[in-house]
Structure formats: C-alpha cells, structure tokens
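Please open the structure in your viewer and keep the selection panel at hand for the stops below.

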Amino acid sequence: MSKKLIAGNWKMNGSLAANEALVQAMLAGIGQPSAEVALCAPAPYLAQLQALLQGSPIAWGSQDVSSHEQGAYTGEISVAMLKDFGCRYAIVGHSERRQYHGETDEVVATKAQRALSAGITPIVCVGETLAEREANETESVVKRQLAAVIHAVGHCITEIVVAYEPVWAIGTGKTATPEMAQAVHAVLRAQLAAATTNPKRVHILYGGSMNAANAASLLAQPDIDGGLIGGASLKAADFLQIVAAAG
Ligand code: 13P
C-alpha cells in the first residue's frame with residue numbers, strides 16, 4: 001500500500017478568518033508528512049484554500065459535486081468548476097447528504113463517475129446506520145453502496161478512495177473499535193478484489209469520531225489506509241497528531 005491518506009472534512013464550518021488561522025497553524029506544524037493530507041472545505045472557500053495551500057504538502061477538495069456536467073441545475077457545482085480551483089478530491093455520498101438530501105446509491109455512483117471523468121478523485125462514503133448494524137445488515141449495506149459505484153465506474157475503480165463511515169459513529173464520540181472497523185474494511189477490500197486485480201491500490205479510509213487519541217490504533221489495522229476526519233480537522237493540533245499517527 002502506498003502512503004496513508006488523512007483527509008479533513010470541515011462540513012459546514014469556517015469563515016475566511018477562521019480558515020486562515022487554522023490552515024496557517026497546520027502549515028506551520030506539518031513539516032514533510034509521511035501521509036498524504038487533504039482538506040475538504042465548503043465550496044465558497046475553495047479559492048481561499050487554493051491560495052493558501054498551493055505548493056504545500058496539503059491538497060484540497062470539495063464536500064460534494066454535481067452528478068451533471070453543466071446547465072440548468074441551480075445551486076449545483078460542476079467538476080469543471082472544482083478543477084478551476086485546483087481540487088484534487090471530492091467527497092461524494094457522505095451520509096449527511098444521503099440522509100438530508102436524499103442521495104441514492106445511483107446518484108452517488110454517478111457523482112463518483114463524474115468526478116473521475118474530470119481527473120478528480122472521489123472519496124466515496126459508505127456506512128450503516130445504528131438500526132442497520134443492530135439488524136446485522138452492516139455488510140449488506142456497505143456492499144450495496146460500493147457495488148453501485150463499481151457498476152458505474154468499471155475498471156476505473158482503482159482510482160477512487162472509499163471511506164467507511166458508520167453513521168452511528170459520526171460526530172457522536174462513539175468510534176468503531178479498530179477490530180469492528182477492520183472487519184468492515186476487509187469486506188470492502190474483498191469486494192474490490194472481485195472487481196480489480198489491484199485492490200490494495202484503493203485507499204479505504206475510516207471516518208467517525210477519529211481523533212488524536214484513537215487514530216494510531218485504527219490506522220494500525222491492515223485494511224485501514226487512512227482517515228476522513230470531521231470535528232478533529234477543525235483543530236490544527238488534533239489534525240496534525242492524526243497526520244503524525246499515519247506516518
Ligand atoms: P467526525 O470525525 O466529526 O465524527 O465526522 C466524521 C465524518 O463524517 C467525516 O466525513
């Protein structure tokens with residue numbers, strides 16, 4: 001496996017002033033990280049990230065992208081627009097978008113395909129709700145979500161990043177244990193292995209209350225190739241400790 005990937009998802013947080021302070025603190029402390037690092041910001045701040053991060057070890061990306069190429073889709077943001085602002089990544093199918101914006105597996109898969117077509121790496125989120133876990137549906141849910149993407153992108157599947165984010169662990173302080181996360185990551189890896197001869201090329205990130213204290217044990221698991229970090233990506237010291245744990 002290549003380097004681990006630590007990506008921050010700021011969600012709907014930040015301001016010009018707060019972002020500047022946060023990013024400057026990260027840049028001051030990051031040195032030459034052994035991991036790949038990225039920050040995914042609200043769309044209005046992508047130009048700011050481009051200005052601050054150009055030439056640094058930190059890449060940047062969006063938290064969503066339109067499934068359409070261009071045209072009469074009010075409020076949507078196209079892959080070409082993300083390219084204009086230097087985005088390397090686009091999160092797609094985050095559970096908050098599936099839940100609050102009704103994104104289906106098919107829509108998420110089309111978004112992933114659209115991102116790839118522009119040379120942007122989609123970070124495709126999958127994960128079960130608490131009710132699904134309690135009903136023993138974890139495996140079938142994540143496999144269904146990933147299958148839609150495999151079906152849509154075919155052999156390009158090696159170009160995506162997968163993020164396993166159990167919905168019950170997001171923003172709750174409840175982290176999956178390293179063993180619980182690893183078990184699901186192994187399922188996803190096996191599914192990728194059926195679709196490509198190079199399943200190890202795909203980063204499978206864990207997300208859900210990952211923080212400075214629990215990152216090392218999660219990242220030590222054989223199929224956990226990095227993290228998608230919400231709350232802890234809003235604090236420079238915490239985020240940098242997670243990056244260091246991925247070294
Ligand atoms: P938290 O790290 O705040 O739990 O959020 C995880 C997440 O949803 C990242 O996309």
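The tour goes from the ligand to the pocket around it and then to another pocket.

This is a predicted model, in which local features need pLDDT of at least 70 and side-chain atom pairs count only at pLDDT 80 or more, while totals for chains, interfaces and linings use all residues. Residues are numbered from 1 along each chain as its sequence is written, and side-chain values use heavy atoms, with hydrogens and water left out.

**Ligand.** Select the ligand and then its polar contacts (pairs of N or O atoms within 3.5 Å): a side-chain N or O atom of Asn9 is 3.0 Å from a ligand oxygen, a polar side-chain atom of Glu165 is 2.9 Å from a ligand oxygen, and a backbone N or O atom of Ser209 is 2.7 Å from a ligand oxygen. Taken alone the ligand exposes 310 Å², of which the protein buries 94% (Shrake-Rupley areas, 1.4 Å probe).

**Its pocket.** The ligand sits in the second largest pocket (more than half of its atoms lie within 2 Å of the pocket's grid points). A pocket here is an open set of points on a 1 Å grid over the protein atoms alone, where a 1.4 Å probe fits, with protein on both sides within 12 Å along at least five of seven lines; lining residues have an atom within 4 Å of a point. Select Gly171, Ser209, Gly230, Gly231 and Ala232, which lie nearest the centre among 21 lining residues.

**The largest pocket.** Finally, select Pro42, Gln63, Asp64, Arg97 and His101, the lining residues nearest the centre of the largest pocket, which holds about 530 Å³ of space (the volume filled by probe spheres set on the points).

Conventions
Polar contact = N/O pair within 3.5 Å; in protein donor to acceptor, adjacent residues only side chain to side chain.
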